[in-house]
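Visitor: Mind walking me through this one? I'd like to talk about what packs where.

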Amino acid sequence: MRLLKSEILSNEKYGPGIFKMEIFAPHIVKNIKAGQFINVKCCPEGSRDPLLRRPFSVFDIEKKFNVFSILYLVRGKGTRYMSSLKSGDIIDFAGPLGNPVEIDPAAGNILLIGGGMGIAPLNLISKLATGSGKSVLVLAGFKDSSLLRWERDLVRMGVKYRIFTEDASWGEMGMVCDHIFDEPGVYRNHDVYCCGPEEMLKILQTELGRENISATAFFEAKMACGIGACNGCVIRIKKGTDTLYLRVCKEGPAFELSEVVFD
C-alpha cells in the first residue's frame, strides 16, 4: 500500500448520478489484484471535510497506458466533490488495499453475479479472467437502465451475459436472483463471485446453500482507516462453532458467502 497523488485523465458521467474516473497511476496498475480497492481523500488540499477517506473498488485497468478507473455513485459531500474534478486535477488516495482474491489458475470458467453498483469489483475480475483465457458468464440485475453503458464494456471484453431490470428498461424483466438456476449445469464448472445489495447476497446465500454451491462475495463497508487499524468495518463470520469478527478492509473485502452472518 502507498499514499499516492495522481493525475486524473478523465471524470465522465457514466449514467444518471454515476461517474467513471480514470487515473494515471503505474503503481496501482502494476500491483492491483482482483477484489482490491483504493481509499480516496474526498476534499481539496488543506481541507479535512469530509474527514474520512472513501473506499472504491478498482473497476478497470489499462496496462498499456498505466491507467486504472473507479466507478462511483454521487451520494454525499465527498462524492459530490469527486464529481467536480476535471482532467488534469490531482487526486489523493491510498492503495492497493484489501486482501486480494486469487483467481484459480485451474478454473476454466467464471460466473459473476452482480447487482447495482456491485458490478464494480466484478468488472475487474472479468477483465483479468478473460485476459488469462477463461470463459466468463455475467448475470446482473438493476432497478433500471442507469448503468446501460456497462453493456459496452461487457461486449468489448467478449463475455457472455444476461441483464435483468425491474422496470424492463434494459435486458430482461425481473430480478437476477430469480434466474440464477436457469442453467443448472453452469455451477458444475464455474467458480462463482458475487457483489451487490445485502438483500441480494442474503438470497444468494440461501439459494446457493441449498445446492451446496460455494461463492465468493464482495462486501462494502464504511471505513475509517482502510488498513485494519481501527476495527471499524467488521462483519461476522461463522467457521464451524466459532464466530469471528473480520475486517472488510483487511481480511476482506471478499469472504466465503456461506460463512457470513447477516444481522
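## Cores, contacts and charges

Guide: Leaving out neighbours within four places in sequence, Leu-204 is in contact (heavy atoms within 4.5 Å) with Ile-113, Cys-177, Ile-180, Cys-194, Gly-209 and Leu-257. Keep in mind that this is a predicted model, where local features need pLDDT of at least 70, side-chain atom pairs count only at pLDDT 80 or more, and totals for chains, interfaces and linings use all residues. Residues are numbered from 1 along each chain as its sequence is written, and side-chain values use heavy atoms, with hydrogens and water left out.

Visitor: Which element gives the most to the largest nonpolar core?

Guide: A nonpolar core is a set of buried Ala, Val, Leu, Ile, Met, Phe, Trp, Tyr and Cys residues joined through side-chain atoms within 4.5 Å; buried means under 20% relative accessible area, exposed over 50%, partly exposed in between (1.4 Å probe, protein chains only). The largest one has 34 residues, and Ile-113, Tyr-187, Leu-201, Leu-204 and Leu-257 touch the most other members. Elements giving two or more residues include β7 (109-115), β11 (191-195) and α5 (198-210); helices (H or I, at least four residues) and strands (E, at least two) are DSSP runs, numbered from the N terminus. With four residues, the top contributor is α5.

Visitor: Is Gln-36 buried or exposed?

Guide: Gln-36 sits in the loop between α1 (26-31) and β3 (37-40). Its side chain reaches the backbone nitrogen of Lys-33 at 2.9 Å and the backbone oxygen of Gly-98 at 3.1 Å. Because its relative accessibility is 9%, Gln-36 counts as buried.

Visitor: How many residues apart in sequence are the parts tied together by Asp-60 and Lys-127?

Guide: Side chains of opposite charge can pair when their charged atoms come close. Here Asp-60 and Lys-127 meet in a salt bridge at 2.9 Å, N to O; the cut-off is a side-chain nitrogen of Lys or Arg within 4 Å of a carboxyl oxygen of Asp or Glu. Asp-60 is buried at 12%, while Lys-127 is partly exposed at 25%. Asp-60 lies in strand β4 and Lys-127 in helix α3 (residues 119-131), so the parts they tie together are apart in sequence by 67 residues.

Visitor: And what is the distance between the closest N and O atoms of Lys-77 and Asp-49?

Guide: Lys-77 is partly exposed at 46% relative accessibility, and Asp-49 is partly exposed at 42%. Their salt bridge has its closest N and O atoms apart by 2.4 Å.

Methods
A polar contact is a pair of N or O atoms within 3.5 Å; within protein, one must be able to donate a hydrogen and the other to accept it, and residues adjacent in sequence count only if both atoms are side-chain atoms.
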